[in-house]
Amino acid sequence: MRDYDEVTAFLGEWGPFQRLIFFLLSASIIPNGFNGLSAVFLTATPEHHCRVPDSANLSSAWRNHSLPLRLQDGREVPHSCRRYKLATLTNLSALGLVPGRDVNLTELEQEGCLDGWEFSQDVYQSTIVTEWNLVCEDDWKAPLTISLFFVGVLVGSFISGQLSDRFGRKNVLFVTMGMQTGFSFLQVFSTNYEMFTVLFIIVGMGQISNYVAAFVLGTEILGKSVRIIFSTLGVCIFYSFGYMLLPLFAYFIRDWRMLLLALTVPGVLCLMFWWFIPESPRWLISQRRFNEAETILRKAAKINGIAITSAIFDPTELQDLSSQNQPSHSVLDLLRTQNIRMVTIMSIILWMTISVGYFGLSLDTPNLHGDIYLNCFLSAVVEVPAYTVSWVLLQYVPRRYSMATALFLGGSVLLFLQLVPPDLSYVTTILVMVGKFGITAAFSMVYVYTAELYPTVVRNMGMGVSSTASRLGSILSPYFVYLGAYDRFLPYILMGSLTILTAILTLFLPESFRTPLPDTIDQMLRVKGIKYRQSPSHTGVLKDEEESPTILKSTAF
């Protein structure tokens, strides 16, 4: 019996139909590039200080000295969350005393910002922070907003696969695309912080579901050779294009509501792809809807200029894997043997660390010296060569060395940041971008590497557990950035140290480059540095305790 790829081989690999699907599905990823990372501008905290009401009876001298000073980055700046007690200043001003000469300011009693805050509008006209005063005692709410968005991404990643398996790839793609766009639009009309955050969680659910559905749809429609380019370059680079649009929109639109409104426009445009993107013929066949699958393939052949005079396939000829009795597997199988247990644990650490580094550096661009919009744009641009280099490395270089090199590069430059003199701020920015390059390249490669390590019977579950670890890392990443409020280099030290430790850990993973994909748990490649007990085998089947000479030879890189 012929499989699906054999049946549809007459369509070719790269005809007009495949090019159309490649471009449209990749373009549908563009809104994903700015939806989550829009928080860089939506939740930005401008410079601020306590408001001194105009009605306060203070002389100009006392008004100018109403804020205590604090040390920040080696220089004294006005305190953001404290002011001298207004009643005391009023009395001293009425007595005609001069601050600093007649009165020692450090001995004056202080109070919180009882009359609110004044926010600088040099960079932002408004953000949700200035709208709802998410500073000082409430400054934890801004990073929480971003973390909750990624909680939505986590929930969406759990349900998106089941939804697309049940209702179809195309339906889920456009419903979740509409969810992502529609709830982003509703955020524009948020009346309080809680409403904005709840809607942001739903946007996160739609974002990942849309991404997964587009990814699966592309891999199922496109041929083998194009499939690899689509999953590594097409999806990733168009994601970067969306990321690049974010600072361009934000530069010209400084009000958070108008910015959010503008960011919904690309999503609305992508909804029009409904009339050009078909359902997955593979999925239709799995649902035994053969006539619909054949209609789509005939339209594809017509677009490619291929004439068909007979039936494309006979349903009885197809390999219907779903009808075969396959042994059932559960997530516990990821811990069943010592080897797969170590692969699972190491994969979880690897994915979580890379996710913390990627999103931590992406969200940290406001804290870099220089123009925030330029820094954000550079952070997006650097992803394009990172994805391109990672694709080349996947073709020609062993996986472990590619991953470890990228992670070492990213981690080492982040640790080096604290040694850069303060007057060389541009060097700091360059090093951060080099770190982002390394971690982004590793992020691109880890998908392929992990899929190659797990056997077919549990590959989806292994990828699911690893992806969940990645979501947990993204949830934690805003708080790594938040630590920068206490020490400017602390986020970089933590992310750099974790990245280098993970790079070392990667060297102990098996090497899967140019080796056949394992189908069963017994066929998995061995983790380095673990001693396996030798036991005689009379069945010829590789057991957990045995070493395979073939496997050892293939992993001796």
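Q: Is Phe196 buried or exposed?
A: Phe196 counts as buried, because its relative accessibility is 0%. Buried means under 20% relative accessible area, exposed over 50%, and partly exposed in between (1.4 Å probe, protein chains only).

Q: What am I looking at, model-wise?
A: This is a predicted model, where local features need pLDDT of at least 70 and side-chain atom pairs count only at pLDDT 80 or more, while totals for chains, interfaces and linings use all residues. Residues are numbered from 1 along each chain as its sequence is written, and side-chain values use heavy atoms, with hydrogens and water left out.

Q: Which ring pairs with Phe196, with centres 6.3 Å apart?
A: That's Trp132; the planes are at 55°, so the pair is tilted. Rings of Phe, Tyr and Trp (its six-membered ring) pair if their centres lie within 6.5 Å; planes under 30 degrees apart count as stacked, over 60 as edge-to-face and the rest as tilted.

Q: Where do those two sit in the chain?
A: Trp132 is in helix H7 (residues 128-132) and Phe196 in helix H10 (residues 193-221), 64 residues apart. Helices (H or I, at least four residues) and strands (E, at least two) are DSSP runs, numbered from the N terminus. Trp132 also counts as buried, because its relative accessibility is 18%.

Q: Which cluster do they belong to?
A: Ring pairs link them into a cluster whose members include Phe149, Phe200, Trp256, Trp351 and Tyr447.

Q: How many aromatic pairs in the whole structure?
A: The search finds 22. One is Phe41 with Tyr373, stacked at 5.3 Å centre to centre with 5° between the planes. Phe41 belongs to helix H4 (residues 39-42) and Tyr373 to helix H17, 332 residues apart. Both Phe41 and Tyr373 are buried.

Q: Switching to helices: how do H11 and H17 pack?
A: H11 (residues 224-252) and H17 (residues 372-381) pack at an angle of about 170°, axes 8 Å apart. That makes H11 roughly antiparallel to H17; angles under 35 degrees count as roughly parallel, over 145 as roughly antiparallel, 65 to 115 as roughly perpendicular and the rest as oblique.

Q: Which residues make the contact?
A: On H11, Tyr243, Met244 and Leu246 are among them, and on H17 they include Tyr373, Cys376 and Phe377. Contact means heavy atoms within 4.5 Å.

Q: And the protein overall, what's the helix and strand count?
A: The protein has 23 helices and 6 strands. Buried residues make up 52% of its 557 residues.

Terms used: Axes fitted to C-alpha atoms, helices over the stretch in contact; angles between N-to-C directions.
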